Each structure stands twice: as C-alpha cells, then as structure tokens.
Amino acid sequence: MERPKMAELESLETAAEHERILREIESTDTACIGPTLRSVYDGEEHGRFMEKLEARIRNHDREIEKMCNFHYQGFVDSITELLKVRGEAQKLKNQVTDTNRKLQNEGKELILAMEELRQCRLQQRNISATVDKLTLCLPVLEMYSKLREQMKSKRHYPALKTLEHLEHTFLPQVSHYRFCKVMVDNIPRLREEIKELSMSDLKDFLESIRKHSDKIGETAMKQNQVTDTNRKLQNEGKELILAMEELRQCRLQQRNISATVDKLTLCLPVLEMYSKLREQMKSKRHYPALKTLEHLEHTFLPQVSHYRFCKVMVDNIPRLREEIKELSMSDLKDFLESIRKHSDKIGETAMKQDCRFNQWKIIARIFFSLLLSPNVQAQQQRNLDNIVSQQPRISGGKKSKKEFSASSELEVKNTSPMSEQDSGILDVEDEDEEEEVPGAQDLVDFSPVYRCLHIYSVLGARETFESYYRKQRRKQARLVLQPPSNMHETLDGYRKYFNQIVGFFVVEDHILHTTQGLVNRAYIDELWEMALSKTIAALRTHSSYCSDPSLVLDLKNLIVLFADTLQGYGFPVNQLFDMLLEIQDQYSETLLKKWAGVFRNILDSDNYSPIPVSSEEVYRKIVGQFPFQDAELEKQPFPKKFPFSEFVPKVYSQIKEFIYACLKFSEDLHLSSTEVDDMIRKSTNLLLTRTLSNCLQNVIKRRNVGLTELVQIIINTTHLEKSCKFLEEFITNITNVLPETVHTTKLYGTTTFKDARHAAEEEIYTNLNQKIDQFLQLADYDWMALEPGSRASDYLVDLIGFLRSTFAVFTHLPGKVAQTACMSACKHLSTSLLQLLLEAEVRQLTLGALHQFNLDVEECEQFARSGPVPGFQGDTLQLAFIDLRQLLDLFIQWDWSTYLADYGQPTCKYLRVNPTTALILLEKMRDTSRKNNVFAQFRKNERDKQKLIDTVAKQLRGLINSHHS
C-alpha cells in the first residue's frame with residue numbers, strides 16, 4: 001500500500017515540476033532557457049516531459065485556431081455590411097440625381113424673373129441717364145428760345161450778346177449732341193440775319209430823312225434870318241457895349257474880391273483838417289487820423305483840387321496812409337507780444353472761473369446725494385474734503401494785492417512806449433476772494449486789434465491784415481504748445497503750460513465773436529486740432545515720467561479743469577478725456593508700485609502671531625477695521641486672541657484705501673457708474689492678483705521663514721479670502737452698481753488668497769522635507785555590522801521628536817492641510833530611507849545592518865500609528881512606509897519562493913516590492929557574502945546559500961526583462 005502511494009506522490013511532484021518548467025520556458029527569455037532545459041535532461045522523466053510538451057503545443061494550436069475562427073466571422077460580417085452599404089450608396093446617388101433635376105427645373109422660373117428684373121433695371125438706368133442729359137441740355141434750349149424772342153422783338157444788340165453767350169458758354173457743354181452741332185452750324189446764319197435786320201432798320205431811317213428834308217431846310221433858313229437880325233443889333237449896340245464893358249470890369253473886380261474871400265473861406269477847413277490829422281497822428285490816434293484823412297481826401301480836397309497846395313496834399317495822402325498803417329501795425333505787434341507774454345495769466349483767470357463753477361456744481365451734487373443716498377455719505381464726505389483741500393492747489397491760490405499788482409505790470413514800461421491800456425493787458429486786482437473773477441475781456445484791451453482791423457479795412461487791405469494776424473498767431477500757438485523740458489517735475493510746470501494754452505484760445509474765441517471775419521471757425525478749429533494733438537503728445541511724454549500717484553492725480557484734476565474750461569468755450573475735448581483713460585492706466589501702475597511698498601512694509605513688520613486683545617475697546621477697534629465675526633471668541637473673557645495676525649486688518653484697510661484712490665481718479669471724467677465700477681474692480685484685481693500676490697509669494701519664499709510663520713500666513717490668507725465678499729459690498733456701496741449687473745467684473749481676491757495659501761502649504765511641505773533631509777544627513781549606518789543594535793538610531797529618534805512637536809503646531813490649520821503635510825513628510829521619509837539603502841556608495845550590506853535599519857522603520861511605523869495629526873482613517877498613514885516594510889520583510893524572512901510564485905498577482909504578499917529594487921539590494925548582500933566567506937565555498941551550506949542567491953538573482957532579472965518586453 002505504501003509503494004503505490006509513494007509512486008503516486010512522486011508522479012504528482014514530477015507533474016508539478018514539469019508544469020513549473022513549462023511556465024519558465026514560456027516566461028523566460030531565450031538566452032536564459034539553457035539551465036531549465038539542462039534540468040530536464042538531468043532527470044529521468046524525459047519522455048513524460050516530451051509528452052507534456054506536445055500536449056501543451058496542441059493546446060496552443062487549438063487556441064490559435066479558435067482565435068482565427070473568431071476573427072474570420074467578423075471579417076465575413078464586415079464584407080456583408082459593405083455590400084449593404086453599396087446598395088444604400090446607389091440609392092443615395094439616385095436621390096441626389098433626382099434632387100438636382102428638380103432644382104434645375106424649379107430654377108428656370110427664377111432665371112426668367114431675374115432676366116425681367118435685369119431689363120427693368122436697365123430701363124431705369126436709361127431713364128435716369130436721359131433725365132440727366134435733358135437737365136444738361138435745357139439751359140441751351142432756353143438760351144436759344146430767349147435769342148429767338150429778342151430777334152422777334154427787334155432787340156438786335158441783346159440778341160447778339162445772347163448768341164455770343166450761347167456759343168461760348170452753353171454749347172461747349174453739350175457739344176457732343178447732334179442738335180448742338182446743328183445750332184453751331186446755324187450761328188453764322190443767325191448772325192447774318194441780325195446783321196440784315198439792323199441794315200433794314202438803317203434803310204428805313206434814311207428813307208425817313210429823305211421824306212422830311214424840306215422841313216429841315218425850312219428850319220435852317222429861319223435860323224439864318226435870326227442871325228442877320230442879331231448882327232444888326234450888335235452893330236447898333238457897340239456904345240452900349242463899351243459902357244457895359246466898363247461896368248463889367250468894375251463888377252469883375254468886385255467879383256474877384258468876393259471869389260478870393262470865398263476861396264480862402266473854402267481852403268481854411270482843408271488846412272484845419274490837415275492840422276487835425278497831424279495832431280491825431282502825433283497822439284497815436286490812428287483810426288481817427290485815418291477817418292480824418294479819408295474825410296479830407298473825399299470831402300474837402302475835391303472842393304479845392306485846382307490849388308497847388310492841394311496837389312501837394314493829394315500827393316502826400318498815400319504816404320500818410322502808409323504811415324498810419326505802419327503805426328497801427330506796430331501797435332498790433334505790441335499787442336500780440338503782450339498777450340503772448342500774459343497768456344498764462346489770461347488762462348489762469350479763465351480756469352479759475354471754471355474751477356469755481358465746477359466746485360459749486362460738485363458741492364451741490366454731493367449735498368443732493370447725501371440727502372438721497374445714505375449709503376455713500378462717507379465717500380461723498382471724502383470728496384467734499386478733497387475739493388476743499390485741492391482748491392488752492394489746482395487754481396494756484398490767490399495772490400495778495402501787492403503780488404498781483406506787481407505781476408500784472410510785467411515790465412510793460414520797459415518793453416513798449418505805449419500806455420498800459422494800449423499794451424493789451426489791464427491791471428485787475430482781486431479785491432476779495434468772494435468777488436467774481438474777471439473774464440478775458442476784462443483783463444485784455446482788444447482795442448489795438450479793432451483799430452488795426454478797421455484801418456486795414458478802410459485801406460482795402462483787410463485780407464493782408466487777416467493773413468498777417470493769423471500767421472503771427474500760428475507762430476505764437478507753436479511757441480505756446482512747446483512744453484518746457486522739466487514740465488513733469490512739478491505741478492506748476494503743467495499749470496503754466498495749460499494756462500498759456502487756455503489764454504491763447506480764450507483770446508481767439510473773443511476775437512472770433514467780436515470781429516467779423518478776422519478769424520473764422522475753420523481757422524479756430526484748425527488751430528485747436530494742432531494744439532490738441534501736440535498737447536496730448538506732450539502730456540503722454542511727460543506724464544510717463546511721473547512716478548508719484550499724488551502728482552498724477554493732481555495732473556488729472558488739472559487736465560479735467562483744462563478740458564472743462566475749453567469745452568465751455570465750445571472746443572471739443574473728447575480726445576483729452578480719452579487720454580485721461582490712458583493716464584488712468586499709468587495712475588493705476590503708480591498706485592500699484594506705491595501699495596507694493598506699503599504691503600511689503602506691513603508684511604515685513606508683522607510678527608506673524610495672533611493679535612492679543614486686552615479690552616473691549618481694542619477688540620471693537622480691530623473688528624471695525626476688519627469684518628470678523630466669531631461668536632465663540634466674543635464669549636471668551638479678556639484677554640483673548642484673534643486667530644489672525646496684525647497684517648490682516650492692515651492689508652484689508654489698505655485695499656480699501658486703494659479703492660478710494662482709484663475712485664478719486666474717476667471723478668469728473670464723465671463716466672457712467674458702471675464704467676467707474678468696472679475701472680475700480682479691474683484696478684483692485686490687479687492689486688490683488690499681482691501686487692499683493694507677489695508680496696505674499698516673496699514672504700513665503702524667503703529663506704528665513706519658519707513653519708510657524710507659514711502656518712500663520714495660511715490662517716491669515718484664509719480670513720482675507722473670507723473678507724472678499726465684504727470688499728465686493730464696499731465697491732457696490734461707493735459706486736451704486738449692483739453686482740448682479742450684466743458685465744460686472746468680479747474680484748479675484750479669492751483666487752489670490754487661495755494661491756498664496758497653496759504656496760504656503762507647498763512651502764510647509766518643502767520645509768518639512770528639507771528638515772527631514774537634514775536629519776537624514778546625520779545617519780551613520782554600519783552597513784557591514786553582523787548584529788543589530790537594541791533600539792532605533794539616535795538621528796531617527798530626534799527626527800520623530802521634531803515631527804511630533806511640529807505637527808502639534810498645526811492645530812489651527814485646516815484638517816486637510818495638516819493631514820497632507822503629515823502624509824507628505826512620511827512619504828518623503830520613506831523614500832529617503834529607501835534611497836539610503838539603494839545609493840551607490842553602499843556597495844555591501846549585511847543582514848545585521850538590515851535588521852538595524854528595520855528597527856528604524858519600525859520606529860517610523862510606530863510614529864504613524866500614534867496619529868500625530870487627527871483625521872486619518874485606520875492605518876492610512878502607515879501606508880507611507882508599506883514599500884519599505886514589504887521589502888524588509890522579504891529580505892529578513894528570505895521568502896523568495898512566495899515572492900517569485902505570486903509576482904504579478906493582485907493578492908501578492910509583496911505587491912509593492914519592485915524586482916529592480918530587490919535585485920540591487922540582493923546584489924549588495926551577495927557581494928558581502930562572497931567577501932566575508934572566502935573559504936565558505938568548501939562548506940556545503942554556504943555553497944547552497946550562494947547558489948540560492950544566484951538563482952533568485954537570475955529569476956529577478958527574468959522578471960525585469962519580461963516586464964520591459
């Protein structure tokens with residue numbers, strides 16, 4: 001009974017061995033199959049193995065045949081479906097052909113309708129062309145009709161003029177028409193017809209003279225009789241004539257004396273007018289002098305034009321006229337030079353007027369808003385304070401009487417011999433700040449311009465004067481528009497520049513409305529376009545140098561005042577407001593730079609510890625600065641602590657100050673509430689996502705930042721993230737734009753603080769890993785030790801103590817952050833320990849060293865089981881060390897048969913052990929065995945052990961190669 005059982009057991013073992021050999025042949029590389037085949041030939045069951053092998057081959061052939069049969073059926077199905085598709089494609093082709101035929105038939109009617117439409121359009125175009133040609137030909141036909149009527153009414157000379165006008169003016173315009181050529185051919189005939197008609201009238205005249213010649217002769221004979229009678233009367237009256245001659249001589253002398261007296265009386269006014277002319281020219285009253293000269297020339301001198309002194313005066317009149325013209329032009333030049341020098345004063349006055357008007361308008365609007373909208377009272381109160389504080393800064397302030405009087409003189413006495421009034425600028429003092437600011441017409445005496453204009457108009461040289469005036473003012477405009485090189489350094493430079501431009505155009509506007517044609521609207525618009533382009537270019541250039549947001553804000557207020565002033569005079573200023581939107585971007589950049597420094601100072605000066613509160617007053621003050629509500633904290637007695645540090649309320653307050661600063665710039669830009677809200681939100685987003693985010697990232701990435709500071713930063717950013725909704729409400733309150741409005745920009749503060757918190761979390765993970773690396777650098781393993789120590793390594797005990805104390809600080813952190821940090825630290829520790837085993841410097845490794853290393857890993861697992869951070873379920877944290885644990889168990893228990901037999905199966909005991917890692921570690925242990933046991937090869941146990949290590953290494957390489965293939 002025992003022999004059959006023994007034979008049965010042996011056959012079962014042989015079958016199992018053959019099965020294992022077949023698995024190795026199937027899974028092992030061809031290069032490594034030799035040892036396996038050698039073990040077959042060494043045994044006694046070679047024939048049974050061959051039968052087993054042939055059975056396995058037949059089994060594989062059947063599987064191959066099954067697979068081919070399976071795929072053959074799919075191939076047949078594919079061909080069948082393809083044949084079905086061919087029939088469907090033929091049906092589709094027929095349908096497309098039918099559809100095309102129907103479309104062609106139905107399109108014929110459309111083509112006919114389009115042809116009719118084309119004919120109608122052609123007729124319409126022909127009719128329009130005919131109407132245009134008839135309109136061109138009608139004046140010719142009307143002139144021809146007029147010519148016929150004149151010839152019919154025997155108005156021969158007008159008919160001849162009409163014919164000439166028709167020939168030279170109208171007919172060339174329609175010369176390409178045939179009726180025109182007929183008319184041109186008829187013109188000589190018409191001319192001859194007019195000539196014949198006039199000759200016919202002459203013949204009628206001669207015939208009339210012939211008929212009445214007897215009456216003409218009778219009249220001539222009667223005239224001869226009268227002549228004879230007169231001669232007789234003359235002869236008889238000679239004596240009477242002599243007496244009458246004597247009487248005539250006496251009367252002649254008397255008449256000469258009377259005529260002399262009359263002529264002297266007639267000449268005296270001429271001499272008086274000439275003397276008056278000289279006095280007026282001497283006193284520089286040029287326009288009265290010109291009127292006197294004109295009166296003298298056209299009224300008095302014609303009465304005595306036959307006298308020689310009168311001819312001398314007449315010869316001198318052109319010279320006197322030129323002299324008056326030159327003197328008036330000199331006065332005009334002095335006036336132009338004066339207003340060029342004083343244009344800044346004129347502009348300053350005009351801008352003061354507009355500034356005062358705008359201030360009262362804004363104050364009224366603020367008071368109305370205070371009555372109507374209580375939500376924005378704080379902001380409107382700030383605006384009112386800004387108006388009061390900016391009034392002297394924008395307007396330049398009031399001068400004292402002495403200063404104003406001294407500046408108004410402007411050395412006029414040294415520059416011109418004229419009086420102050422003739423210079424063009426009047427001295428107007430500010431008697432009281434409450435009095436009305438004088439206008440340009442009150443500051444400037446325009447009489448030199450009016451006089452010169454009248455003089456040139458009278459002299460017939462108005463166009464010359466207009467051309468000269470405009471040319472000179474263009475030159476002055478170019479000088480005014482040339483900004484000083486250091487204009488960007490102070491606000492006074494911009495103010496003077498704007499004052500000069502405003503003064504220039506205020507003068508031109510006054511000239512436009514008080515003179516007829518000296519300047520026109522086109523000329524003013526041309527000058528304004530040039531001034532606007534150059535002003536905008538200069539402002540773009542110089543404003544780019546401004547790095548102070550206060551200066552940029554003052555510049556914006558000055559530009560708004562400048563634009564409002566000129567808009568009040570009718571000049572378009574939309575481009576200036578468009579440019580202010582560009583400056584707004586620069587203003588935002590300067591604000592961001594300023595607030596970057598503010599945030600850096602806040603973050604650098606913070607102690608990164610919770611704010612202690614000792615009294616209710618301090619507690620309420622901090623709650624007033626930062627929207628924080630915690631019922632549990634309020635119930636706690638004093639002293640108590642806020643969870644966040646001081647930089648949270650400071651940063652929140654500074655964000656609100658930034659929003660106020662952005663709102664200041666949007667005032668008076670004629671923007672809607674939605675545009676203001678959008679601008680503020682975009683700038684605030686830049687502050688949060690770029691400036692504040694960069695400052696927080698820099699603080700987080702600093703070398704000397706500790707884990708405690710990083711933990712506090714996470715807590716702070718969490719509270720700041722919760723406060724973003726209050727910032728949204730704050731912006732909504734000051735702009736009155738509801739967040740539900742379409743296209744309203746959302747604040748990205750939540751994302752910013754989340755990113756900062758995530759960066760701080762990553763930095764915590766990195767710092768923890770760096771600390772772990774520092775401890776691991778203290779590791780000093782004796783890899784050749786034969787026996788392990790009694791406890792874990794000192795460096796690892798210290799490391800575990802450090803981790804326990806560190807994770808105790810994480811109590812205020814969100815649970816996920818603390819758990820992630822703990823898991824990350826344990827994984828990094830596990831990976832680093834594994835690298836210690838595998839690093840190239842460790843060439844040899846003993847089992848005793850491996851046991852010591854196992855003690856350290858057990859210490860780590862004990863730390864993981866103790867639950868350093870709450871929230872882990874079961875043995876989740878221990879899974880961080882599972883790779884190390886399985887690797888160590890495999891080597892310590894030397895359970896290679898289980899590992900090799902179960903490799904690749906989901907239920908494998910050593911599932912996390914990589915064959916490559918196991919092979920590296922095994923090679924290190926094999927080298928140690930060879931070195932320490934030089935004579936061990938003579939002992940059978942050592943030989944068997946070495947052979948086993950070689951066999952395991954060979955099988956591990958097979959697993960690695962099969963995995964790569």
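Biologist: With which residue does D794 form a salt bridge?

Modeller: This is a predicted model, and every value below is computed from it. The side chain of D794 is partly exposed, with a relative accessible area of 47%. Its closest N and O atoms to those of the partner are 2.8 Å apart, within the 4 Å cut-off. The partner is R791.

Biologist: How many salt bridges does this rule count in the model?

Modeller: Side chains of opposite charge can pair when their charged atoms come close. The pair of D794 and R791 meets the rule. By this rule the count comes to 23.

Biologist: In helix α5, which residue forms a salt bridge with R210?

Modeller: At 54% relative accessibility R210 is over the 50% limit, so this residue counts as exposed. The partner lies in α5 too, three residues away, which is about one turn of the helix. That partner is partly exposed, with a relative accessible area of 33%. The closest N and O atoms are 2.3 Å apart, and the partner is E207.

Biologist: How many residues apart in the chain are E193 and R148?

Modeller: The side chains of E193 and R148 meet in a salt bridge, with 4.0 Å from N to O. The pair links distant parts of the chain, with E193 in helix α5 and R148 in helix α3. E193 is partly exposed at 26% relative accessible area, and R148 is partly exposed at 32%. The separation along the chain is 45 residues.

Biologist: Which residue joins R148 and E193 in a network of salt bridges?

Modeller: R148 and E193 already meet side chain to side chain. The network that holds these two residues has one further member. That member is R189.

Biologist: How far apart are the end C-alpha atoms of helix α4?

Modeller: Helix α4 runs over residues 156-170 and has 15 residues. At 1.5 Å a residue, these should span 21 Å, because the expected span uses one less than the number of residues. The distance between the end C-alpha atoms agrees with this expectation, at 20 Å.

Biologist: What arc around the axis do the buried residues of α4 cover?

Modeller: The buried residues in α4 are H156, A159, T162, L163, L166 and F170. They lie on the same side of α4, because the arc that they cover around the axis is only 120°.

Biologist: Which exposed residues does the face of α4 turned away from its buried side carry?

Modeller: On the buried side, what covers the residues includes α3 and α5 (178-211). The face turned away from that side carries the exposed residues Y157 and H168.

Biologist: What is the area of the nonpolar surface patch that includes Y72?

Modeller: Y72 lies in helix α3, which covers residues 46-152. At 55% relative accessibility Y72 counts as exposed, so the 30% cut-off for patch residues is passed. The patch is made by Y72, F75, I79, L82, L83 and V85, and its area is about 640 Å².

Biologist: Is Y608 buried or exposed?

Modeller: Y608 lies in the loop between α20 (574-605) and β1 (612-613). Phi of Y608 is near 55°, a positive value in a residue other than glycine. Most residues other than glycine have a negative phi. With a relative accessible area of 8%, which is under the 20% limit, Y608 is buried.

Biologist: What is the relative accessible area of W894?

Modeller: W894 is placed in the loop between α31 (882-893) and α32 (896-902). Phi of W894 is near 50°, a positive value in a residue other than glycine. W894 is partly exposed, and its relative accessible area is 26%.

Biologist: Which residue does a cis peptide bond join to F638?

Modeller: Most peptide bonds are trans. Here omega is about -5°, and the bond is cis. The partner of F638 lies in the loop between α22 (631-635) and β2 (640-641). The residue is P639.

Biologist: How far apart in space are L887 and L834, C-alpha to C-alpha?

Modeller: L887 is in helix α31 and is buried, with a relative accessible area of 3%. Beyond four places in sequence, L887 touches L834, V913, T917, A918 and L921. L887 and L834 are 53 residues apart in sequence, and their distance in space is 9.4 Å.

Terms used:
Residues numbered from 1 in each chain as written. Predicted model: local features only at pLDDT ≥ 70, side-chain atom pairs only at ≥ 80, totals over all residues. Heavy atoms only, no water. Helix = DSSP H or I, 4+ residues; strand = E, 2+ residues; numbered from the N terminus. Buried < 20%, exposed > 50% of the residue type's maximum accessible area, 1.4 Å probe, protein only. Patch = residues over 30% accessible without salt bridge, like charges linked within 9 Å, V, L, I, M, F, W, Y side chains within 5 Å. Areas by Shrake-Rupley, 256 points an atom, 1.4 Å probe, with all protein chains shown as cover. Arc of directions from axis to C-beta. Contact = heavy atoms within 4.5 Å.
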